[in-house]
Amino acid sequence: MGTTVRPLTEQQSVDGVAGEYDVDIALERTSWTGAKASLESMRQILTGEYGDKVDKKERPSCERVEHKLDEKTGVGFHVDYVPIKQANGRNAAHRADDKWFPSDTKRLVEWFSDLSDDYKYLQSIIMVIKRARDSAGLNNAISSICITALVCNSYEERGSYAEALLHVLDRIVRQTSVPYSELSFTLKRRA
């Protein structure tokens, strides 16, 4: 979506732990069988290809391959392989209950692309807020998709980049300064 930020190095991070690039690859098929079986099948294939780089932890909806860290910075990357079953829309696997749930990342990317065509500073504001999150050591507390949703929900075109950024930050603070039960969001639609 054009909002990737370079991970902080060991020296830049608050806790001395370098960040990672997070790459997601959706593997779409109509022939996936059960959700859990599809994840297990993918794990076997990835293990055959990448060996001990395949993360031992079983994740809810993907299989992860960890890649080498940069020796100078400590920054590494991992790739999450996500099976997507094409049946009545796009659906992602959920390992725990062996079910498929609606998850149309392609549609999300198309929606975001349309929105960012209309809003000049949208992508860069998302990147600035992601960098602020990382610099504050909150990368495990606030997901990138959450930041994207908050910024998209709060964005209004302003006269300058600085005005748009300050407006987004103000709206996010106001929106999230209410009790959890009162939080609500409506995703913007292209005009």
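This passage describes the two largest pockets of a predicted model and the surroundings of S116. Local features require pLDDT of at least 70 and side-chain atom pairs pLDDT 80 or more, whereas totals for linings use all residues. Residues are numbered from 1 along each chain, and side-chain values use heavy atoms, without hydrogens and water.

The largest pocket (an open set of points on a 1 Å grid that admit a 1.4 Å probe, with protein on both sides within 12 Å along at least five of seven lines; lining residues have an atom within 4 Å of a point) holds about 1600 Å³ of space. Its lining comprises 45 residues, of which D22, V23, D24, S144 and I145 are the closest to the centre. Strand 1 (20-29) is among the elements that supply at least two lining residues, as are strand 3 (76-86), helix 2, helix 3 (122-135) and helix 4 (144-154). The largest share, seven residues, comes from strand 1.

The second largest pocket contains about 210 Å³. Residues including I129, R133, C146 and V173 line this pocket, and helix 3, helix 4 and helix 5 (161-176) each give two or more residues to the lining.

S116 is located in helix 2 (residues 105-118); helices (H or I, at least four residues) and strands (E, at least two) are DSSP runs. S116 is buried, with a relative accessible area of 15%, the limit for buried being under 20% (1.4 Å probe, protein chains only). Beyond four places in sequence, S116 is in contact (heavy atoms within 4.5 Å) with L122 and Q123. A polar atom of the S116 side chain lies 3.1 Å from the backbone oxygen of S113. The C-alpha atoms of S116 and G2 are separated by 9.6 Å, although the two residues are 114 residues apart along the chain.

Conventions: Buried means under 20% relative accessible area, exposed over 50%, partly exposed in between (1.4 Å probe, protein chains only). A polar contact is a pair of N or O atoms within 3.5 Å; within protein, one must be able to donate a hydrogen and the other to accept it, and residues adjacent in sequence count only if both atoms are side-chain atoms. Grid points are joined across faces, edges and corners, and a volume is the space filled by probe spheres set on the points.
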